[in-house]
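Student: Could we go through this one together, starting with how its parts meet?

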Amino acid sequence: MAAAVDSPMEVVQAALPEEAAPEAAGLSCLVNLPGEVLEYILCCGSLTATDVSRVSSTCRRLRELCQSSGKVWKEQFRVRWPSLMKHYSPTDYVNWLEEYKVRQKAGVEARKIVASFSKRFFAEHVPCNGFSDIENLEGPEIFFEDELVCILNMEGRKALTWKYYAKKILYYLRQQKILNNLKAFLQQSDDYESYLEGAVFIDQYCNPLSEISLGDIQAQIGSIVELVRKTLRGINSRHPSLASKAGESSVVMEIELQSQVLDAMNYVLYDQLKFKGNRMDYYNALNLYMHQVLIRRTGIPISMSLLYMTIARQLGVPLEPVNFPSHFLLRWCQGAEGANLDIFDYIYIDAFGKGRQLTVKECEYLIGQHVTAALYGVVNVKKVLQRMVGNLLSLGKREGIDQSYQLLRDSLDLYLAMYPDQVQLLLLQARLYFHLGIWPEKVLDILQHIQTLDPGQHGAVGYLVQHTLEHIERKKEDVGVEVKLRSHEKHRDVCYSIGLIMKHKRYGYNCVIYGWDPTCMMGHEWIRNMNVHSLPHGHHQPFYNVLVEDGSCRYAAQENLEYNVEPQEISHPDVGRYFSEFTGTHYIPNAELELRYPEDLESVCETVQNIYSAEKESAE
């Protein structure tokens, strides 16, 4: 039978004499091992940073081997935080021991702040200045972000509250960084890559928790370019576009050669890869995100045009973007360079329509109206991004179940980053924050800016200022935490507890209870609109605040709810705000929610136990 292979630590222990003092043993045995063996042992992954520190303090040779910039501490850093290694160049000198200490400290500080958020902001939306603590932390921002990502990636159904606030903080930090990068980008001159780069900034801002990079998107587009070159080789093996290296391009002058490129592109994109305009689900924000266009292979005219133009330019065809009304297009010059050209010297390409080539008259047929010559002109990066964000803004205004209006908030941020003095959008932003009951101080700042830009808005501004100030005063007058005890006489009719997974008898949705009232606490108008009086018990029965699986929050009558005998996790974005863990049968309230309903945790456990006991007896 083959002998068992010793672990690195066993190799070290076997090399040490039993009777020798630690210092003598280290000098007589470890020091005499070849350097490669010692390095292998120290980099084996079994040793912690504390172990390495202790080893390095035993003698000079081990101290030299564990030098701060050496392989041993680099391996400690890599094993602990592998995702950070992409930020270091192999040629850079790095003090890995110091990096390890700074990253560890950043992690401790980030966790302290995350842990504090639930207590500080449980009863309200995180205010504008709520993130100042983490913004003011010393150390590389990537270290704090990495710790937040580590929290989000914690396995299991625990630490839900930590994950909830880590997500909020990471969302904010990344958006702030992306917005600053976008503003700097808008100051640069237009070049062909900048259209794609600008579109990626929009994608990143609206999806800050996704790992989206310009490099990855360029690499995916580069793969498509190589497929087009392969097809082009079958059309014309001497085509000049085949001579250029990947990532390089030069303009192909002859129209016939350019036409061959476009034919090859249309075959690869629409026939081979099956890209197509999304006619079935046109009004979906995913159609405007470049990483989703590449994944789903579908989009709307503007996103499909940016993809098409980027590929064409890498192959030497200088297509240009046209901000055509209702349908974004590209134009392809047919005239001589430097000539006095008009709109009829171009062919217009519909990337949404499988690369169809159109005349001026056909463009008008496409949208069903005559347009002026100015609308056939090329537009710069800022105008293209304005149209993309405008599309997102329109989608964000559409009614939906997203009660946080996140898409509308993100698109307003982007639009105002490009055009900060748009009075109507500033007013919409102020109204949105006022409607959501968040950031009243920021609402006042926005309103003051509007008044400076356009004094004629004093009516709308005055109304919002008055009500915002009233909101701030009410917050100051708020009493302490309201505690609801199930044992109290007035709560005797409350049958269900927070944390229970319920099912709505009429509408069939699954939900989790995060609050309750002994009777309906809504106003007369809501009671009338919701037809509460038609219920057998009307509004004189317990009502429950519930998080619904579709992402909405609802207020449901007790008689309309029943316990879900097959409980499942509720995929609602605010679950972590109220609960710390999902047990498989129910949710456990976090410290802040339990403070408000101190007797519910015991009650929910008893309810679940009774239900399962009843099911067991029924089965027997």
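**Where two domains meet**

Tutor: Between domain 1 and domain 2 about 1,200 Å² is buried, and carbon and sulfur atoms give 76% of that area; buried area here is the accessible area (1.4 Å probe) that two parts lose on being put together, summed over both. This is a predicted model, in which local features need pLDDT of at least 70 and side-chain atom pairs count only at pLDDT 80 or more, while totals for chains, interfaces and linings use all residues. Residues are numbered from 1 along each chain as its sequence is written, and side-chain values use heavy atoms, with hydrogens and water left out.

Student: Which three residues supply 45% of the area that domain 1 buries against domain 2?

Tutor: They are Arg174, Ile178 and Phe185, which supply more than any other three residues.

Student: And how many salt bridges does the rule find across that interface?

Tutor: The rule finds one across the interface of domain 1 and domain 2, where a salt bridge is a side-chain nitrogen of Lys or Arg within 4 Å of a carboxyl oxygen of Asp or Glu. Arg174 forms a salt bridge with Glu211, and their closest N and O atoms are 3.3 Å apart.

Student: Where are the domain bounds?

Tutor: Domain 1 covers 98–187, domain 2 covers 196–386, domain 3 covers 420–479 and domain 4 covers 489–613, with bounds that come from an automatic or database domain assignment. The centres of domain 1 and domain 2, taken over C-alpha atoms, are separated by 38 Å.

Student: Changing topic, what does Met265 touch?

Tutor: Leaving aside neighbours within four places in sequence, Met265 is in contact (heavy atoms within 4.5 Å) with Val228, Tyr270, Tyr308, Ile311, Ala312 and Leu315.
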